[in-house]
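Here are a few short exercises to work through with the model open beside you. Try each task before reading its solution.

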Amino acid sequence: METVYPETNLLNLTNIRKSFKKTGGGEHLVLDGVSLTINEGEIVALLGRSGSGKSTLLRIISGLARPESGEVLYCGKPVTGPVTGLAMVFQSFALFPWLTVLENVELGLDAMGVPQAERHRRALAAIDLIGLDGFESAYPKELSGGMRQRVGFARALVVEPTLLLMDEAFSALDVLTAETLRTDLIELWLERRIPTKGILLVSHNIEEAVLLADRIVILGTNPGAVLAEIKIPLEHPRDREAQAFRQLVDEVYALMTKRPRGVAGKVEAVPLSYRLPDAHINQMAGLIEALAGVPYNGRADLPELADRMGFGVDQLFPLLEALGILEFAHTEGGDVELTPSGKSYVEADILRRKEIFAEHVIRHVALAAHIRHVIDERPGNRAPEERFLRELEDFFSEEEAERVLRVAIEWGRYAEHFAYEEGSGILSLEDPESATISA
Ligand SMILES: Nc1ncnc2c1ncn2[C@@H]1O[C@H](COP(=O)(O)OP(=O)(O)OP(=O)(O)O)[C@@H](O)[C@H]1O
Ligand SMILES: [Mg+2]
């Protein structure tokens, strides 16, 4: 039986699943059970951590990649290849340096078989619309980043897309340039100067999502599935300082820092507890100290903290996750709070800090404890790092396994649970025996 969707649905994704082959064999499941609808007249923002599969999902929507299972309907029709009426703007601008602005924009119409004269006319109109008038014959290298991205937008808008996809379109731009371009885009959209009926934008930036979107969809990791959806019922233009705005930003922060346990009821205990976020010791120490000090006194509002420390979401989240794993601070409801151990850590001197850290690593970091255990058991108390890499690759991609092991080694070395020889990649007890740690 054929499912009939109401005409107002621009896009329907049902149960999308996608995995990639790992180089060493096996599969890396990136998206699993993703369902998402975009209605006519809507701007939807897709948020999620790095690696959650946002770009992969956009590629699937635009027909550039095929899902393993699940259904993609664009305007009610199944997507089986590149889709017309759909355009994408990339973070990297993706312009051809040897073509002028005009030629780059005309390229957007190349695949559609539009006659030359009309191509020319439409490209000029798009250039005008996005505020690039007078730069038609310039080459990309003569333009600033903001102007280049305007070319990226003109090339997308020239096809008069029904659905516009944006993959972190503003994140390579400086703060002011990004804001101007966002404002211009929203103005075109609200004044209906573009025939576009829906926008799906991928972002790392929570404020950007709250500023632009009517609805925010949060994609989880391991594997990516929709974790939460939140409506943004604010009128445009939106005031970042307004209380309702701040409250929504807080809510999204809270949803994104919720422990991913129990998602879709399929969490494998071992690999997840082995996964470690990218967090360096000195960054963690710095964050614990900042939290303990004025004005936070042990507890901080995340957006405020990110703002004050000049952190992007991608820098802050791994640190918060690390402090959570190590039981130094817990994040809940958009706030982070130091644990009693976190507070003792701040009050301790350097040597004692190291001891506290060491105790927490062995107690709470399953992978570090596992490495130490294996080294203890092995003859000569030595183990090559490949041994652990191979183990981790059962759960993670090769790249991710290397990353996770590197973090475990950094934390374990600093805690003096084991030593590591850079050249040979041998993990051993050589150094730790002089500084015994009661684990
Ligand atoms: N062609 C591919 N082959 C193998 N693995 C891939 C491929 N494309 C993506 N991946 C993997 O899939 C996962 C999701 O990648 P994707 O680029 O979709 O994430 P993302 O959410 O867009 O991340 P970011 O926020 O960093 O852009 C990553 O682990 C990535 O390494
Ligand atoms: Mg991406």
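## Exercise 1: Domains

Task: Find where the chain divides into domains, then describe how domain 2 meets domain 3.

Solution. Start with the bounds: domain 1 covers 9-257, domain 2 covers 269-346 and domain 3 covers 348-434; these bounds come from an automatic or database domain assignment. Next, take the centres of domain 2 and domain 3 over C-alpha atoms, which puts them 22 Å apart. The contact between them takes 15 residues from domain 2 and 17 residues from domain 3, where two residues are in contact if their C-beta atoms, placed from the backbone, lie within 7 Å. On the side of domain 2 that touches domain 3, helix H8 (269-274) and helix H12 (340-347) each supply at least two residues. Sorted by class, that side of domain 2 has eight nonpolar, four polar and three charged residues. Here Ala, Val, Leu, Ile, Met, Phe, Trp, Tyr, Cys and Pro count as nonpolar, Asp, Glu, Lys and Arg as charged, and the others, Gly among them, as polar.

A note before you go on: this is a predicted model, in which local features need pLDDT of at least 70 and side-chain atom pairs count only at pLDDT 80 or more, while totals for chains, interfaces and linings use all residues. Residues are numbered from 1 along each chain as its sequence is written, and chains are lettered from A and ligands numbered from 1 in the order in which they are written.

## Exercise 2: The ligand shell

Task: Which residues surround ligand 1, and which helix gives the largest share of the shell?

Solution. List the shell: Phe20, Val30, Gly48, Ser50, Gly51, Ser52, Gly53, Lys54, Ser55, Thr56 and Ser397. Then look for the main contributor, which is helix H1 (residues 54-61), with three residues. Helices (H or I, at least four residues) and strands (E, at least two) are DSSP runs, numbered from the N terminus. Finally, sort the shell by class: two residues are nonpolar, eight polar and one charged.

## Exercise 3: Nonpolar cores

Task: Describe the largest nonpolar core and name the residues with the most contacts inside it.

Solution. A nonpolar core is a set of buried Ala, Val, Leu, Ile, Met, Phe, Trp, Tyr and Cys residues joined through C-beta atoms within 7 Å. A residue is buried if 20 or more other C-beta atoms lie within 10 Å of its own, exposed if 12 or fewer, and partly exposed in between. The largest core has 98 residues, and Ala154 and Leu323 have the most contacts inside it. Helix H11 (residues 313-325) gives the most to this core, seven residues. At least three residues come from each of domain 1 (9-257) and domain 2 (269-346). Now zoom in on Ala154: leaving out residues up to four places away in sequence, Ala154 touches Val105, Ala126, Ile127, Ile130 and Leu132. A second, separate core of 24 residues includes Tyr274, Ile375, Leu405 and Val407.

## Exercise 4: Backbone details

Task: Where do the cis prolines Pro237 and Pro295 sit, and is Glu160 buried or partly exposed?

Solution. The His236 to Pro237 peptide bond is cis, with omega near -5 degrees, and Pro237 lies in the loop between strand S10 (226-231) and helix H7 (243-257). The Val294 to Pro295 bond is also cis, with omega near 0 degrees; Pro295 belongs to the loop between helix H9 (281-292) and strand S11 (299-301). Turning to Glu160, its phi is positive, about 50 degrees, although it is not a glycine. Glu160 counts as partly exposed because it has 16 C-beta neighbours inside 10 Å.

Technical notes: A residue is near a molecule or strand if its C-beta atom, placed from the backbone, lies within 6 Å of it.
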